[in-house]
Amino acid sequence: MAQVPQTFFDALAVRTWCGLALTALGRAREEIDAINVYPVADGDTGTNLYLTVESAATAVEAVFAGYEAGSGAGAGSAPAGKPALADAARAMAHGALIGARGNSGTILAQLLRGMAQVLAAEGEASHTDGRGLRLALRRAADSARQAVAHPVEGTVLSVASAAADAAGTAGGTEGAEDDCGIVARAAYRGACAALAATPRQLAVLERAGVVDAGGRGLVAVLAALVETFTGEAPGFSPVASGGPVRERGEREGEGGSALGGGEGPARDCGDGPQHGNGPAFEVIYLLEAEDAAVGRLRRRLDALGDSLVVVGGDGLWNVHVHVDDAGAAVEAGVDAGRPYRIRITHFGAGDAHTRGSERPPRERVQRAVVAVVPGEGLAGLYAEAGATTVLARPGEPPASGELVDAVRRAHAREVVLLPNDADLRHTAAAAAEQARTEGIRVALIPTRSAVQGIAALAVHEPERRFDEDVVSMTSAAGATRHAEIVLAERQSWTMAGICQAGDVLGLVDGDVAVIGSDVTATAETVLNRMLSAGGELVTLVLGDEAPEGVADHLEARVREAYLAVDTVVYRGGRQGALLLIGVE
């Protein structure tokens, strides 16, 4: 922890700030979730901000751990065992960028990145002063506003700008040039005043009787900044009614809230959020791409949906958008560079985003499906069927924490989890157990392939009793034999004999059954073996590197040789396997 009170901003202060901000958001998470009505009333802003700051704090701790172990390099004139301010600031920004969740978390990541750009410009300096903090807050507010395709007043952007303005005005205060505490306190007070004004700027907030949730989260983060330098949490609380900022000690009415006037934050937003018929999906992914490609991506995504935020730089970006065509949003990322950690969330037919506010925004849906999928195309397919997806790239299996996060994002009382990979069964089981401790009823269906997951999803009926739905989905998955066509990476012994690097392998139910030299011929042999035991439906999922015509050839083969067997074809994108085959 930094020594407090202190007037300067150093690496220890960055570490302390992250820890205090995480604690503050942890305390306020449910409260912030409850007032989340814009841009989507999905009740997750507090959670998304918490997870974003958690990622930032973890990255900063990793930097300190490296220096404490004597492995830090490039610290310049910083004391031994302690990183320079620039090191800690960059780590904070990078951690927030790769861990950003939701619209609010993505904007917060850009705020932290803007600050880091100024703090890191100090080079090898061990600390900065009040003037440096003022400049950092200004850069943060400006860069966040630039990252949003269509900035809206009455949101976290307004609160950030007001904080920067107030910090700039504090420059005339005696001692402010040297004292970060004075600047931080001024920024916090400016943010509080701006937060209280958000209902007057955004009609949906006024109807709901709440302040902006993202702005409320930023106020908590700035309060932590004040505490970092002064050792004391600030004594002001913003109110939603637009009234004066109250001292924390003032008595509030019975059931009152510092966020919602005398009656507390409203749980029903009256006429609903502004986007009453808005897009059905939230799409988020990290993207490795050049600046020029990101500019084109912004324009393309802006035409597809709304709530577009693209943050980052130096080749790594975090993309957030709400769209109706999730697949198109992911394909736009593929065209721009390399998207990964793709998360697609279906808001749901009853979500306040798509149906106004016929029910309170905090209410969970009864049931949801969470699925791990191996390619962008399948991610879009699953999402369009209503599933929350986690993308698994070859060699990059998701951790249990990512699956738990997906279960939380599904925002349901009951969740059916489809790992779609035999190697993920233990990871998925751990995630399911963790989610159960949070009060979510989770059923894990041990799907071993994405085609089994498609079969399970096809019979999913949310209106059925949970146990009946799980039994039906499990039965459909179990009745689907699965195969994949891949290229051998090296010489190896297999169930079908010895293969050489570059051979085409046909795996049926996880074991190598065919070794060949031609993709189409090997796929046909595999399909014939699978259909020899009977079948009613063949599912083909094509990878990006599958040869042209393979699907047409297999469809024709099924029509000619297997009467009454139907074939469906999907494009899976970069899924690792050349071809996935399912036979139900």
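**View 1. Arg-441 is partly exposed, with 40% relative accessible area, and pairs up with Glu-414.** This is a predicted model, and that goes for every view here. The two side chains make a salt bridge, with their closest N and O atoms 3.8 Å apart. Arg-441 sits in strand E12 (residues 441-444) and Glu-414 in strand E11 (residues 412-418), so the pair ties together parts that are 27 residues apart in sequence. Glu-414 is the buried partner, at 9% relative accessibility. Zoom out a little and both residues turn out to belong to a salt-bridge network, which also takes in Arg-367, Arg-464, Arg-465, Asp-467, Glu-468 and Asp-469.

**View 2. Asp-33 and Arg-29 form a salt bridge within helix H1.** The closest N and O atoms of this pair are 3.7 Å apart. The residues are four apart in helix H1 (residues 11-34), so about one helical turn separates them. Asp-33 is buried, with just 2% relative accessible area, while Arg-29 is partly exposed at 29%.

**View 3. Glu-153 meets Arg-145 in another salt bridge.** Here the closest N and O atoms are 2.7 Å apart. Glu-153 counts as partly exposed, with a relative accessible area of 37%, and Arg-145 is partly exposed too, at 23%. If you feel like hunting for others, the structure holds 24 salt bridges.

**View 4. Glu-282 is a buried acid in strand E5.** The strand covers residues 281-288. Glu-282 has a relative accessible area of 6%, so this residue counts as buried. What does its side chain touch? A polar contact of 2.9 Å links Glu-282 to the side chain of His-320. Asn-103 is worth picking out as well: its C-alpha atom is 9.1 Å from that of Glu-282, although the two residues are 179 apart along the chain.

**View 5. Ile-182 lies in helix H7.** That helix runs over residues 180-201. Is Ile-182 buried or partly exposed? With 26% relative accessibility, Ile-182 falls in the partly exposed group. Look for Ala-170 in the same frame: the C-alpha atoms of Ile-182 and Ala-170 are 7.4 Å apart, with the residues twelve positions from each other along the chain.

**View 6. Four acidic residues make a negative patch on the surface.** The members are Asp-324, Asp-325, Glu-331 and Glu-384. Of these, Glu-331 can be placed in helix H11, which spans residues 326-336.

Conventions: Residues are numbered from 1 along each chain as its sequence is written. This is a predicted model: local features need pLDDT of at least 70, side-chain atom pairs count only at pLDDT 80 or more; totals for chains, interfaces and linings use all residues. Side-chain values use heavy atoms; hydrogens and water are left out. Patches are made of residues with over 30% relative accessible area and no salt bridge: like charges are joined within 9 Å, nonpolar side chains (Val, Leu, Ile, Met, Phe, Trp, Tyr) within 5 Å. Accessible areas come from the Shrake-Rupley method with a 1.4 Å probe; for residues, only the protein chains shown count as cover. Lys and Arg count as positive and Asp and Glu as negative; His and the chain ends are not counted. The place of a charge is taken as NZ of Lys, CZ of Arg, CG of Asp or CD of Glu. Helices (H or I, at least four residues) and strands (E, at least two) are DSSP runs, numbered from the N terminus. Buried means under 20% relative accessible area, exposed over 50%, partly exposed in between (1.4 Å probe, protein chains only). A polar contact is a pair of N or O atoms within 3.5 Å; within protein, one must be able to donate a hydrogen and the other to accept it, and residues adjacent in sequence count only if both atoms are side-chain atoms.
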